[in-house]
Amino acid sequence: ALGAHPNITGLGEIYAVLNNRDHTNLFENSTCSCGKKGAECPFWKQVREIAESNKSVEIKYLQTLSVFYETFGEETILIDSSKNSYSYLKKLAAEYDLQIVYLTRDFRSWSYSRFIANKKPIFLQMIRWYLENKKLLSVLKKYNLNYLSIGYEELALFPELTLGKISDYAGISFSEKMLMPNNTKSHIITGNIARVDSLKKAGFFYDPKWLLSFRMNWISWLFSFFHKMNNTLVY
């Protein structure tokens with residue numbers, strides 16, 4: 001969605017590309033959101049040699065940034081949608097104008113989705129949600145990094161309002177093009193499954209199945225202390 005903004009281009013989960021153990025498979029078989037294989041993508045084919053080098057992720061990241069600005073221009077804003085608080089964030093914050101959006105999904109919705117995917121007990125999924133968010137937030141605090149907290153539910157159900165909030169935070173003008181994610185100019189070869197699904201990119205959709213799960217709604221109240229974090233981060 002952000003990549004549909006005229007001044008923004010996303011690269012997906014950059015860390016996952018640079019730190020991948022099988023770059024041949026990634027670049028040859030993964031389809032970029034631009035429609036081409038990674039090895040043929042006009043951006044990633046320039047970065048492949050960088051990604052396959054034995055240098056640290058921090059160095060490879062800075063080299064990738066150089067290619068990005070040479071390709072798209074110094075005024076273009078880069079979106080990195082990596083899902084973790086990696087150490088390179090501290091270096092980026094020191095050298096660039098870094099804006100962090102901390103996106104959190106309702107712990108009941110997230111846990112139910114994980115339960116359907118891996119069949120592990122729902123209560124273990126809830127504990128994982130809580131501990132992972134505590135860890136991420138502690139690292140951001142340790143690095144003294146500011147961030148905007150956004151709820152996945154509010155983004156999915158009220159995209160215009162939420163994207164407007166993100167735009168204000170990032171200091172950019174809101175563009176209605178962001179409401180049509182299929183307009184994205186991003187080059188994503190790993191991370192978002194919607195990158196190659198025209199239906200998923202057509203707009204914003206929310207799957208409410210967890211609301212119909214008696215087990216989910218009953219168990220969630222046994223972890224009522226999670227609701228405080230849930231309300232702070234998501235709503």
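Author: A salt bridge here is a side-chain nitrogen of Lys or Arg within 4 Å of a carboxyl oxygen of Asp or Glu. The model discussed below is predicted.

Reader: What makes Arg-48 and Glu-52 a salt bridge?

Author: The closest N and O atoms of Arg-48 and Glu-52 are 3.0 Å apart. The cut-off is 4 Å, so the pair qualifies as a salt bridge. Both residues belong to helix 3, where they sit four residues apart, about one turn of the helix.

Reader: Why can such side chains pair at all?

Author: Side chains of opposite charge can pair when their charged atoms come close.

Reader: What other salt bridge does Arg-48 form?

Author: The side chain of Arg-48 also meets that of Glu-28, at 2.7 Å from N to O. This pair links distant parts of the chain, with Arg-48 in helix 3, Glu-28 in helix 2, and their positions 20 residues apart. Glu-28, Arg-48 and Glu-52 are thus joined in a network of salt bridges.

Reader: Why is Arg-48 called buried?

Author: Its relative accessible area is 17%. Buried means under 20%, so Arg-48 falls in that class.

Reader: How do you know whether Glu-28 and Glu-52 are buried, partly exposed or exposed?

Author: Glu-28 has 37% relative accessibility, and Glu-52 has 38%. Exposed begins over 50% and buried lies under 20%, with partly exposed in between. Both glutamates therefore count as partly exposed.

Reader: How many salt bridges does the structure hold?

Author: The structure holds seven. One of them joins Lys-91 to Glu-95, with the closest N and O atoms 3.1 Å apart. Lys-91 and Glu-95 are both in helix 5 (residues 88-95), four residues apart, about one turn of the helix. At 36%, Lys-91 counts as partly exposed; at 46%, Glu-95 does as well.

Reader: How do you know that the length of helix 9 agrees with its number of residues?

Author: Helix 9 (residues 159-170) has 12 residues, and at 1.5 Å a residue it should span 16 Å. The expected span uses one less than the number of residues. The end C-alpha atoms are 16 Å apart, so the two values agree.

Reader: Which residues of helix 9 are buried, and what do they pack against?

Author: The buried ones are Pro-159, Thr-162, Leu-163, Gly-164, Ile-166 and Ser-167. They pack against strand 3 (100-104), strand 4 (147-151) and helix 8 (152-157). Just after helix 9, Gly-171 has a positive phi of about 75 degrees.

Reader: What makes strand 3 and strand 4 a pair?

Author: Two strands pair if at least two bridges are found between them. Strand 3 and strand 4 have five bridges, in the parallel sense, so the condition is met. Leu-103, for example, has Ile-150 of strand 4 as its bridge partner.

Reader: Which residues of strand 3 are on its covered face, and which on its uncovered one?

Author: Ile-100, Tyr-102 and Thr-104 make up the covered face, while Val-101 and Leu-103 make up the uncovered one.

Reader: Why is Thr-104 called buried?

Author: Its relative accessible area is 2%, and buried means under 20%, so Thr-104 is buried. Leaving aside neighbours within four places in sequence, Thr-104 is in contact with several residues, among them Trp-129, Asn-133, Ile-150, Leu-233 and Val-234.

Reader: Why is Ser-30 called buried, when it is found in a loop?

Author: The class rests on relative accessible area. Ser-30 has 16% relative accessibility, so it counts as buried. The loop that holds Ser-30 runs between helix 2 (23-29) and helix 3 (44-52). Neighbours within four places in sequence aside, Ser-30 is in contact with Asn-25, Lys-36, Lys-37, Gly-38, Ile-189 and Arg-195.

Reader: Why are Leu-131 and Trp-218 called exposed?

Author: Exposed means over 50% relative accessible area. Leu-131 has 51% and Trp-218 has 53%, so each counts as exposed. Leu-131 lies in helix 7 (residues 122-142), and Trp-218 in helix 10 (residues 214-220). The C-alpha atom of Trp-218 is separated by 47 Å from that of Cys-41, 177 residues apart along the chain.

Reader: Which residues make the nonpolar surface patch that includes Leu-131?

Author: The patch is made by Phe-123, Leu-124, Ile-127 and Leu-131, and its area is about 340 Å². A residue needs over 30% relative accessible area to be part of a patch. Leu-131, at 51%, therefore passes that cut-off.

Conventions
Residues numbered from 1 in each chain as written. Predicted model: local features only at pLDDT ≥ 70, side-chain atom pairs only at ≥ 80, totals over all residues. Heavy atoms only, no water. Helix = DSSP H or I, 4+ residues; strand = E, 2+ residues; numbered from the N terminus. Buried < 20%, exposed > 50% of the residue type's maximum accessible area, 1.4 Å probe, protein only. Contact = heavy atoms within 4.5 Å. Patch = residues over 30% accessible without salt bridge, like charges linked within 9 Å, V, L, I, M, F, W, Y side chains within 5 Å. Areas by Shrake-Rupley, 256 points an atom, 1.4 Å probe, with all protein chains shown as cover.
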